[in-house]
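Biologist: Could you take a close look at one part of this model for me, starting with the make-up of a pocket lining? From there, please walk me on to how the neighbouring pieces pack.

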Amino acid sequence: MVNYSILRTEKLNTYGNIGGSLSHSFRDSYTPNANASLSKDNRVLLGSHCSSDVLNDIKNRINEITDKPRKNAVLAIEVLQTYSPNSKIPLEEWTKKNIEWLKSEFGEKNVISAVLHKDETTPHIASYIVPEKNGKLNCREILGGRVKMQNLQDSYAKSMSVFKLQRGIRNSKAKH
């Protein structure tokens with residue numbers, strides 16, 4: 001059986017979108033796909049411990065970069081990191097490697113938050129990244145086009161190969 005490393009991203013264009021996503025990650029609102037009795041096992045790996053503080057941290061980082069973001073700017077990227085269900089992964093080592101990868105890939109100052117969820121079928125990390133590149137808010141430089149996303153997934157898979165996880169099939173039509 002092949003076990004895959006899984007990396008998905010979501011562009012967040014408004015503070016309202018970011019707040020809604022954070023509300024889900026911090027379980028501030030009902031989450032139908034999560035087992036509420038296991039939510040106590042979720043853990044903040046990086047950043048503040050409540051959604052409103054993370055939102056403020058994102059705003060503060062953006063203010064360090066620009067006085068006024070473009071109207072259509074991506075303000076944050078939600079990154080989901082996980083692996084195939086039923087993979088036997090040493091969770092503590094996996095989480096540490098994921099944080100290392102995030103900081104290396106996006107820059108330590110841009111990784112605002114990372115939360116480990118253990119209350120769903122497969123453990124996963126939801127991270128929030130401010131898309132800064134060369135001193136500018138520039139998501140296109142990070143996720144722009146198919147090739148950049150493929151390169152990001154390649155980088156993630158390479159980092160997770162120590163856990164015998166493989167990259168998904170290149171150019172697959174699969175959504176998840």
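Modeller: By class, the lining of the second largest pocket comes out as four nonpolar, two polar and three charged residues (nonpolar is Ala, Val, Leu, Ile, Met, Phe, Trp, Tyr, Cys and Pro; charged is Asp, Glu, Lys and Arg; the others, Gly among them, are polar). The residues doing the lining are K11, R70, N72, A73, V74, L137, N138, C139 and R140. A pocket here is an open set of points on a 1 Å grid over the protein atoms alone, reached by a 1.4 Å probe, with protein on both sides within 12 Å along at least five of seven lines, and a lining residue has an atom within 4 Å of a point. Keep in mind that this is a predicted model: local features need pLDDT of at least 70 and side-chain atom pairs pLDDT 80 or more, whereas totals for chains, interfaces and linings use all residues. Numbering starts from 1 along each chain as its sequence is written, and side-chain values use heavy atoms, leaving out hydrogens and water.

Now for the helices (DSSP runs of H or I, at least four residues; strands are E runs of at least two, and both are numbered from the N terminus). Helix 1 covers residues 15-25 and helix 2 covers residues 51-65, and their axes come within 9 Å, crossing at roughly 145°. Those axes are lines fitted to C-alpha atoms over the stretch in contact, with angles between N-to-C directions running from 0 to 180 degrees. Helix 1 brings Y15, I18, G19, L22 and S23 to the contact (heavy atoms within 4.5 Å), and helix 2 answers with S51, V54, L55, I58, K59 and I62. By class, that contact has seven nonpolar, three polar and one charged residues.

What else does helix 1 lean on? Its buried residues (under 20% relative accessible area, with exposed over 50% and partly exposed in between, for a 1.4 Å probe and protein chains only) are I18, S21, L22, S23 and S25. Besides helix 2, these buried residues pack against strand 1 (5-12), strand 3 (76-83), strand 4 (111-117) and strand 5 (124-129). I18, L22 and S23 therefore turn up twice, since they are buried and also belong to the contact with helix 2.

Carry on along the chain and you reach F26, in the loop between helix 1 and strand 2 (43-46). F26 counts as buried because its relative accessibility is 14%. Leaving aside neighbours within four places in sequence, F26 is in contact with V44, S48, H49, C50, S51, V54, S113 and V115. Of these partners, S51 and V54 also appear on the helix 2 side of the contact with helix 1. N134, on the other hand, sits 108 residues from F26 in sequence and 30 Å away in space, C-alpha to C-alpha.

Then comes R27, which takes a positive phi of about 60° just after helix 1. Most residues other than glycine have a negative phi. R27 lies in the loop between helix 1 and strand 2, and with 17% relative accessibility it counts as buried. In that loop you'll also find D28, which is partly exposed because its relative accessibility is 48%. D28 touches S23 and S51, not counting residues up to four places away in sequence. D28 and S51 are 23 residues apart in sequence, but 7.9 Å apart in space, C-alpha to C-alpha.

There's a second positive phi to look at: K164, not a glycine, has a phi of about 60°. K164 is in the segment after helix 5 and is exposed, with a relative accessible area of 69%.

That brings us to helix 5 itself. Helix 3 (residues 91-106) packs with helix 5 at an angle of about 145°, and the axes are 10 Å apart. On the helix 3 side, W94, K97, N98, W101, E105 and F106 meet L152, S155, Y156, S159 and M160 of helix 5. By class, the contact of helix 3 with helix 5 has six nonpolar, three polar and two charged residues. V147 has its place in helix 5, residues 145-160, and is exposed, with a relative accessible area of 53%. V147 and N98 are 49 residues apart in sequence and 22 Å apart in space, C-alpha to C-alpha.
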